[in-house]
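The exercises below go through one protein chain, from its secondary structure to single residues. Each task is followed by a solution in steps.

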Amino acid sequence: ATDTVTQAIGKMEYKINRAVVIKQLSLPAASWTGSGPYTQTVTITGITVNSKVDIQMDATSLGVLIDSGTSAIWMENSNGTITAKCIGDKPNADMTVQVTITEVTA
């Protein structure tokens, strides 16, 4: 079956509105586990297996990383479970970061 123009526009609007979501995320210092890379599982509502999560750091969070000796920090999606990972030393203070969530397709 072929969509009507209204249905096609509705599907495009849905994809546009859902394409990028920005949220605030807490990364408590006490939640880092392991020995390099350090990890912590984070809960973000609306995540799917196709969600790409990128971190944007403000000056305060960057200062925590520098003071802690953290070399890098990133997010990984494993079947809809988001894990924050870092190398170098783990952050030694709680951080709040902004994340951008983008739905991607193969």
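Helices (H or I, at least four residues) and strands (E, at least two) are taken as DSSP runs and numbered from the N terminus. The model is a predicted one, in which local features need pLDDT of at least 70 and side-chain atom pairs count only at pLDDT 80 or more, while totals for chains, interfaces and linings use all residues. Residues are numbered from 1 along each chain as its sequence is written, and side-chain values use heavy atoms, with hydrogens and water left out.

**Exercise 1. State how many helices and strands the chain has, and give their pattern along the sequence.**

Step 1. The chain holds two helices and six strands.

Step 2. In sequence order they follow the pattern α-β-β-β-α-β-β-β.

**Exercise 2. Describe the chain by its buried share, its accessible surface and its contacts.**

Step 1. Of the 106 residues in the chain, 28% are buried; buried means under 20% relative accessible area, exposed over 50%, and partly exposed in between (1.4 Å probe, protein chains only).

Step 2. The accessible surface, from the Shrake-Rupley method with a 1.4 Å probe, is about 6700 Å². Carbon and sulfur atoms account for 54% of this surface.

Step 3. Contact means heavy atoms within 4.5 Å. Of the contacts between residues at least 6 apart in sequence, 70% join residues at least 24 apart.

**Exercise 3. Give the strand order of the sheet that contains β5, and find its edges.**

Step 1. Two strands pair if DSSP finds at least two bridges between them. The order is β2-β5-β4, an open sheet of three strands with antiparallel pairing.

Step 2. Because β2 and β4 each have a single partner strand, they stand at the edges, and one side of each has no neighbour in the sheet.

Step 3. On average, neighbouring strands here are turned by 20° against each other, direction ignored. The axes are lines fitted to C-alpha atoms (for helices over the stretch in contact), and angles run from 0 to 180 degrees between N-to-C directions.

Step 4. Antiparallel β2 and β5 are joined by five bridges, and Thr41 stands opposite Thr83 in β5.

Step 5. The antiparallel pair β4 and β5 has eight bridges. In β5, Thr83 is the bridge partner of Glu76, and Ile82 stands opposite Asn77.

Step 6. β4 and β5 form a hairpin with two residues between them. Asn79 in that turn has a positive phi of about 55°.

**Exercise 4. Do the strand order and edges for the sheet that contains β6.**

Step 1. This open sheet of three strands has antiparallel pairing and the order β1-β6-β3.

Step 2. β1 and β3 are the edge strands, each with a single partner strand, so one side of each lacks a neighbour in the sheet.

Step 3. From one strand to the next, the twist averages 30°.

Step 4. Eight bridges join antiparallel β1 and β6; Ser26 has Thr96 in β6 as its bridge partner.

**Exercise 5. Which residues have the most contacts inside the largest nonpolar core, and which elements supply it?**

Step 1. A nonpolar core is a set of buried Ala, Val, Leu, Ile, Met, Phe, Trp, Tyr and Cys residues joined through side-chain atoms within 4.5 Å. The largest one has 20 residues, and Leu27, Ile44, Met75 and Val99 have the most contacts inside it.

Step 2. At least two residues come from each of β1, β2, β3, α2, β4, β5 and β6. β6 gives the most, with four residues.

Step 3. Beyond four places in sequence, Leu27 is in contact with residues including Trp32, Val42, Ile73, Met75 and Val97.

**Exercise 6. Describe the surroundings of Lys85, Gly88 and Thr100.**

Step 1. Lys85 lies in β5 (residues 81–88). The side chains of Lys85 and Glu76 share a polar contact of 2.8 Å; such a contact is a pair of N or O atoms within 3.5 Å, where within protein one must be able to donate a hydrogen and the other to accept it, and residues adjacent in sequence count only if both atoms are side-chain atoms.

Step 2. Gly88, also in β5, is partly exposed at 39% relative accessible area. Its C-alpha atom is 7.6 Å from that of Pro37, 51 residues apart along the chain.

Step 3. Thr100 lies in β6 and counts as buried because its relative accessible area is 15%. The Thr100 side chain makes a polar contact of 2.8 Å with the side chain of Gln56.
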